[in-house]
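This report describes selected features of a protein model for a reader who has not met it before. Please consult the sequence and the structure while reading.

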Amino acid sequence: MSRFSSKMPELSVEAPAPGNVVEFGDPSALQWEVYPANGQPSWDADIRLYADGDAKRGITGRELLARQLAPAIRAHSHARGRQFRGKISGGLTKLWRFLDALEESGAGKVSSVEHVGHAHGQLFKTYLLRTWKIGANRSRQEIGTVRFWLEQARFIAKIPEPSLLWPSIQNSRGTQHRDVDPRLLRPLYHHLKRYHLGFLAAREEGRALLERGRDPRLINGGDDRAAWSDPANYASLAAGWVKAALEDGSVTMHSFAGPRFNNPKNYRLTPCGPAYLLAEKRTASDAIRWFVPTVEDTTAAFILIMLHTGWNAETVLNIDVSEMRAWADHRLDGDRDPNSKTATVAIYGYKDRAHKEQIAFSLRRPLGHPYQIIKAMIDRTQPLREKLQADLNTLANIEAPTKEQQRELVELRSMIRSPWLYFMMREFSTGGRVGILKFTTNQIFRDFCREVYSSIENKIPEEEREVFESSLRTLNLSDIRDGFASFIYDNSLFNIILLKQALGHGNVRTTRAYLRQRRQIAQRFGQFTTFQETLFDEIKRFRVVDPTILFIRLTLNEITDEQRRRLADRRMRTRMGMGCLDPSSPPSIVAPRHAGGLCAVQRCTLCVHGVVFEDTLPHLAIRQAELRFIRGKVAAERFQDSSFQFEWLAILTIVENVFSARREEFEAAVHNHIGLLENNDAYLFDQVSPALVFGEAA
């Protein structure tokens, strides 16, 4: 997908080694290296265990079956991330143990894909649900994955009728997407916004404390209670420990400054930390938040981006901050004041599953909007990024790096590109004390949800508290996008096209899956009921149904007898060939100088009172021809900033939605009238010669 005039840069992916393609009988056919498409380090897939067997894990060796499945699994793993390794081992382990259970029951040995048939599907389903007890949704995924591998392997082995008629399992939710009430997301958003703003304020708070802080170990022999209770002194120790731990991940709080720093409560000292954290809930490690983010701080910012953009977690995780143009574009504002309240920025993410860039828009100034959130995370994680860059430089200088070192290089580059870094309380292999949100868990998110419910419990009507609490406590990160879809749909007069654009979908079919929630189903049933009642009321009262009148009644709820007569009288049509529900009261945005009487402006496509009829199309073509003629005579910027541009788009929208089958007729009429205008054989707006308007008269 292109960004205005620049093309999105391709993600750098290492090419597989030439020897990575192997013959079926080669011993290495059971192990291979996978290169993820998202720039993450490569990883090793190895299924030799299932060919050779492992008595300790209770797995019987099935060499032929493992070799038959290997090409299918290898193809399925292509360009996948490291988490797919768990899918391989999980799926094969369950399949192998299922086959072992069948043998023990006397059902016969399965050593080849040729021995697997339709009947095994129901048995495998029962085995997963009863023996593994992993739940309907997870079992459904496992069955689908294993069946796919078996079918592909049977196809490669040229077995007649390779497809397997295996059963599926009904999703426990009943619909593809969860029924999420947007009311749940509003208090969550405000809570996280306050949390994030407190996190931002903590930086200045920490700087001020450092200016007067001293090492309490050097005051009165290190036993001065007042010195250890002073937040400034505690901040001084915290800053020193963060710096030391980034340089050497093995340095702990205890080894750096002793037990009073590591566990102040044992000495009846109150742990110090930023003001946005409640004093009774602070821990000894919270002091580092004055200087670097913890996983909770980073997660709060991460969820705020999801709430604002409606993106799924994967897209937000893939935001690349290696350079400004990779994640934000300021060209939307042109030459306007970048500090104005309406200054807007385009924000970019990348959705791996769709293999395309995602775009959302953010105001530039508010601290709680995506642009400022990402900027703040870049700023607050700078010490962590410097640590990663130092490690990267060290590895890059190694002349002949091992495979593990090469993978660590790729991992470090990926971490440096991410805004979602945080300081870890324990040392990790790559990055040391620097962590990164990768596969975000719901635990921290649910902790936030519990805090939200506690803060709003007394404001919720008593009869709704149980439902509200249950909904908040079971909310997952993946549900945020469902709630976002509900909010947009409800607040756009149920406009599925606008929702499609907001969700970044390529087609409406995908968007409809988000509208299978009970609330939307009830809303659509209500619409159908209203349509049915209105239709029969028209038949009962007038013995005939006018589609235009029916649409107006469904949209505006009612239509007066005067409006009916006016719309039926062709003499009351405007120069646009449209009817008008209230010709004496045009909106001020359309006719700012209206002083009474009938509307003289008649720019009906911009007016809420305008009504389109079947014979309106030729008149719309004339107006569109006039607009195209004007655009060809004035500067492009001048036309773009005028109301003519909105009128142009309004006409195209009407043609697209009402007269889509008559586009060719419309375009032919437009070109014909443009020719008349260019030859001065028609007047602009039925009043003025084009030559006089643009100074071309002889």
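Helix α20 spans residues 496-503, and its buried residues are Leu499, Lys500 and Leu503; buried means under 20% relative accessible area, exposed over 50%, and partly exposed in between (1.4 Å probe, protein chains only). These residues lie on the same side of α20, because they cover an arc of only 105° around the axis, the arc being that of the directions from the helix axis to the C-beta atoms. An α-helix has 3.6 residues a turn, so residues three or four places apart point the same way. The buried residues of α20 pack against β7 (356-363), α19 (479-490) and α21 (508-512), where contact means heavy atoms within 4.5 Å. Glycine 504, just after α20, takes a positive phi of about 70°.

The model is predicted: local features need pLDDT of at least 70, and side-chain atom pairs count only at pLDDT 80 or more, while totals for chains, interfaces and linings use all residues. Residues are numbered from 1 along each chain as its sequence is written, and side-chain values use heavy atoms, with hydrogens and water left out.

Helix α19 also meets helix α6 (residues 182-212): their axes come within 9 Å and cross at roughly 110°. Axes are lines fitted to C-alpha atoms, for helices over the stretch in contact, and angles run from 0 to 180 degrees between N-to-C directions. The two helices α6 and α19 are therefore roughly perpendicular to each other, a term for angles of 65 to 115 degrees. On the α6 side the contact is made by Pro182, Leu185 and Arg186, and on the α19 side by Ile480, Gly483, Phe484, Ser486, Phe487 and Asp490. By class, this contact has five nonpolar, two polar and two charged residues; Ala, Val, Leu, Ile, Met, Phe, Trp, Tyr, Cys and Pro count as nonpolar, Asp, Glu, Lys and Arg as charged, and the others, Gly among them, as polar.

Most residues other than glycine have a negative phi, and most peptide bonds are trans. Two non-glycine residues with a positive phi are listed below.

| Residue | Phi | Loop between | Relative accessible area |
|---|---|---|---|
| Arginine 268 | near 60° | α10 (259-262) and α11 (295-309) | 72%, exposed |
| Glutamine 602 | about 55° | β10 (579-580) and β11 (610-611) | 25%, partly exposed |

The protein as a whole has 29 helices and eleven strands; helices (H or I, at least four residues) and strands (E, at least two) are DSSP runs, numbered from the N terminus. Of its 698 residues, 44% count as buried.

Definitions and conventions: Angles under 35 degrees count as roughly parallel, over 145 as roughly antiparallel, 65 to 115 as roughly perpendicular and the rest as oblique.
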